[in-house]
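Biologist: I would like a close look at a single part of this model, the place where the two chains meet. Please take it piece by piece.

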Amino acid sequence: MPAVGKATAGNYFEDLVTGLEVEHAVPRTVTEGDQSLYIALTASRYPLHCDAEFARALGFRRETVNDLLVFHIVFGNTVPDISLNAIANLGYADVRFGCAVYPGDTLRSHTTVLGRRESRSGDTGAVWVRTVGRNQRGEEVLSFLRWVLMAKRDPGTASGADDAPETPDVVAASDLAIPPELDLTAFDPVVTGGRAWWEDYEPGERIHHVEGVAIEEAEHQMAARLYQNTARAHFNAHALAGSRFGRRVAYGGHVISVARELSFNGLENAVRVLAFNGGTHSSPTFAGDTIYAWTDVLERIDLSREDAGALRLRLVAAKNADPATEDVTLRVTGDDGRERYHPSVVLDLDYTVLMPKRR
Amino acid sequence: MPAVGKATAGNYFEDLVTGLEVEHAVPRTVTEGDQSLYIALTASRYPLHCDAEFARALGFRRETVNDLLVFHIVFGNTVPDISLNAIANLGYADVRFGCAVYPGDTLRSHTTVLGRRESRSGDTGAVWVRTVGRNQRGEEVLSFLRWVLMAKRDPGTASGADDAPETPDVVAASDLAIPPELDLTAFDPVVTGGRAWWEDYEPGERIHHVEGVAIEEAEHQMAARLYQNTARAHFNAHALAGSRFGRRVAYGGHVISVARELSFNGLENAVRVLAFNGGTHSSPTFAGDTIYAWTDVLERIDLSREDAGALRLRLVAAKNADPATEDVTLRVTGDDGRERYHPSVVLDLDYTVLMPKRR
Amino acid sequence: MPAVGKATAGNYFEDLVTGLEVEHAVPRTVTEGDQSLYIALTASRYPLHCDAEFARALGFRRETVNDLLVFHIVFGNTVPDISLNAIANLGYADVRFGCAVYPGDTLRSHTTVLGRRESRSGDTGAVWVRTVGRNQRGEEVLSFLRWVLMAKRDPGTASGADDAPETPDVVAASDLAIPPELDLTAFDPVVTGGRAWWEDYEPGERIHHVEGVAIEEAEHQMAARLYQNTARAHFNAHALAGSRFGRRVAYGGHVISVARELSFNGLENAVRVLAFNGGTHSSPTFAGDTIYAWTDVLERIDLSREDAGALRLRLVAAKNADPATEDVTLRVTGDDGRERYHPSVVLDLDYTVLMPKRR
């Protein structure tokens, strides 16, 4: 790439040294406008985020910002510094949601490089980071681990970097944060339409979320822009014409949101996302694809509270095949005898929600 | 359809028994963000909804929520319970707009099943419902009759249902609600750009609204999602590939809105929608279609007020043909001698607006 | 065109006589929702418009409305009266940004016809206008000159009009307005991510803004509708099928915004747009086009302030060719020996920004 002058072409593997601290630019005041766009782009219906009366009945000041919108804004905020030159987003883990975010709050984020591992070939390397998002009072709203495969600026010079950290498989129950103002005593299931409580979800149970929803170029672009995510894979049709897929790829977080909001049908009472334990974006999603989703209940977690418990869930999104009526399994065995994701599966998200107990 | 677990596959004819009362889930706090999206999706320009100063001059606290946005939100709210398995939306009538809605108000809705009629074939049936939308203080913002053709869960078992109610052809003048805070004394036509008053509209007069506007998939999907309308005909490209039209159909309410906002040019002073008397969506609208609109003035209704009267109007939308320059009539006679809608006509809406009198 | 009844088919050359004053209809209360949509449609990241804390640190009450969003709303507001029948937007000049606009402010606009010049052929004519936008307190937020090529209602009758005004090439430094509340003492470049100050930009310097972003039909339509710009070239797919380009053309202002927001990468500290000196939309932008941008630094302007100076910049947008890696010059010489814009160049904007000085 030629000189771009005062513009930034993004960091490379060599720039992201272990211990580096980055205070990301462009904090973001989240507004009612962002909430409306989130609804229009994802079909969000969880009442905590669109019904001020319901939110107040649960102890909040007003409707809160959708947990995933908080995730996308904090994540998007890190892209210019961390992943503009990422070859691949390898994974994320230990994603913990903190205090409630209200319209009007301003989110800023900070990333620490935890460790790195150069690839055998020497021309790329994985980088592990921890990002923390905070509101204008410095309170933590989100914290997550993430690792990305980075291009090297100078592929010919070995760095010897090999200090990758451990990544936890699951966020421990003791690390799940519940906003102190939340009181589920007055939780009214007529508002959510949900008929099932924490006790009703059995590990091993599967819920098909019935609907399918198509994704358009304008939609995933508007979503990624709303989150100020500048990753070129979502926008630069001209440059991507010569890429592996030959076209734009929807931001993986948009697919998470679409699947999560589809899952309202069957998980109506899941009042809050507490954690992402880990996730895999097994295939890309393109404009025109129709997304379906199912949920497998993995675990019922007792939080030692009277009013609610946690559910660990696997949210699976598939494209252009209805898992409720077509033969879509999570994994398939290829001709080579190796197991891999079903080609229709685009997302495998292991996450934890807060669910009221039967009263 | 196989078991979907805890998700809801929607109600069928058998579920919607006469007398059933449904308090719909997911109340909706309407915000400034929703208003902006409504403008961006429909080209809305009526100043009452985008000019706080004008709204205050008419007695309102601030700009009010567009009447049609209120309609779409209340209507969309009923879809998961009423029309998810609807084969067709057969009609609506007696649609009355109530008190003004402000950004920040929370709308919830309630539906009563009024009656049913099983089809001769026995595999479907029509269901008549009354839906009432209210704000957080319980004040009525909207009320309407609607009838839908429903699939039966068990087509083989006759229900004998035959208690369809009467539906009025028109909302009576005495039933038209005008917000008590509204005072048109200070109505300033410079703000609207309108040059015609109630007295100037003559029954029989036609107004061509000049412009045409194309509809994109992303736009009608975002509109329907904004209204939290989950009807699969608007979203599920994959499943619809095998349907009659082979593709997604724009939400009919989006077409009403596009046509209504086109009609600003010629009806600039129509300060409020008072009622829908009835409407027919005579053909589907697809992405890529360009919508044009004309208005026929049906009736000038005296409201026994000094400041304003009502106009009963027929709003017709046509696609991909400009009625001002091409030969588009409302009705045509087919080769079979039967009269039907012109194939370009997509909407025939009989509605009533409030119009200031000449001062 | 046949009679359209009470609708307005727009003004013609004959209607826009020198000295005509037009108070445009439909004032617009700008809201948080508009700001969110602007971000989602243009990828805006300038913190003054999305970070309330940063805005307050600079002396503002809260985040301000993006300067270009103000421009688009005021400009769009004039379209129904001025340019509905424009054959071409010939140019604009002396575009001065005035006092800060906050969410909740209501903008209205007023246009004066300054002069006209009939074309030699007699069937068209250029009209020069001055538009001023004001907030609800009557304070000027924007003022600009603009000239358009208009159709004549009666091409056969000569008007003899020939009183075109002079248009300045540049807004003089003494005419650049800086909001009185703005105090850059506390300007924190960590918030913007910018590393360069006023003193660091050298005339002759070029900055390539690295990214490219594709534009979709739904996006440019939503943008133009958000600004209540009714120009049919952006919307009427049906009528445009028979036009020169055979399709919809993106609103030129949307292209300015996309390019300006791309330029954040390299101009992060450009805290405010002070003026447009002039601009040329050298080629149309269509859905599917990918926009790139570069900036040439034209001049460093001393404002006799301690905290900031102005930069005069040339912002160039190109489509479907990356100027950082492909051979895209501003101008090329054709086979006929005449110099013209490179066919990939879509925008050449000469504008002035406020930039903090190194502290």
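Across the interface of chain B and chain A, how many residue pairs are in polar contact, both at pLDDT 80 or more?

Modeller: The rule finds 26 such pairs across the interface of chain B and chain A (N or O atoms within 3.5 Å, one able to donate a hydrogen and the other to accept it; sequence neighbours count only through side-chain atoms on both sides). This is a predicted model, with pLDDT of at least 70 required for local features and 80 or more for side-chain atom pairs, while totals for chains, interfaces and linings use all residues. Residues are numbered from 1 along each chain, chains are lettered from A in written order, and side-chain values use heavy atoms without hydrogens or water.

The interface also holds 4 salt bridges (Lys or Arg side-chain nitrogen within 4 Å of an Asp or Glu carboxyl oxygen). One of them joins A:Glu211 to B:Arg232, N to O at 3.4 Å.

In contact (heavy atoms within 4.5 Å) are 51 residues of chain A and 38 of chain B. Together the chains bury about 3,400 Å², 57% of it on carbon and sulfur atoms (accessible area lost by both, 1.4 Å probe). B:Lys6, B:Arg225 and B:His238 supply 23% of chain B's share, more than any other three residues.

Helices α5(A), residues 217-226, and α5(B) pack with axes 8 Å apart at about 60°, and are therefore oblique to each other (neither under 35, over 145 nor 65 to 115 degrees). A:Ala218, A:Glu219 and A:Met222 meet B:Glu217, B:Ala218, B:Gln221, B:Met222 and B:Arg225 there.

Conventions. Buried area is the accessible area (1.4 Å probe) that two parts lose on being put together, summed over both. Axes are lines fitted to C-alpha atoms, for helices over the stretch in contact, and angles run from 0 to 180 degrees between N-to-C directions. Helices (H or I, at least four residues) and strands (E, at least two) are DSSP runs, numbered from the N terminus.
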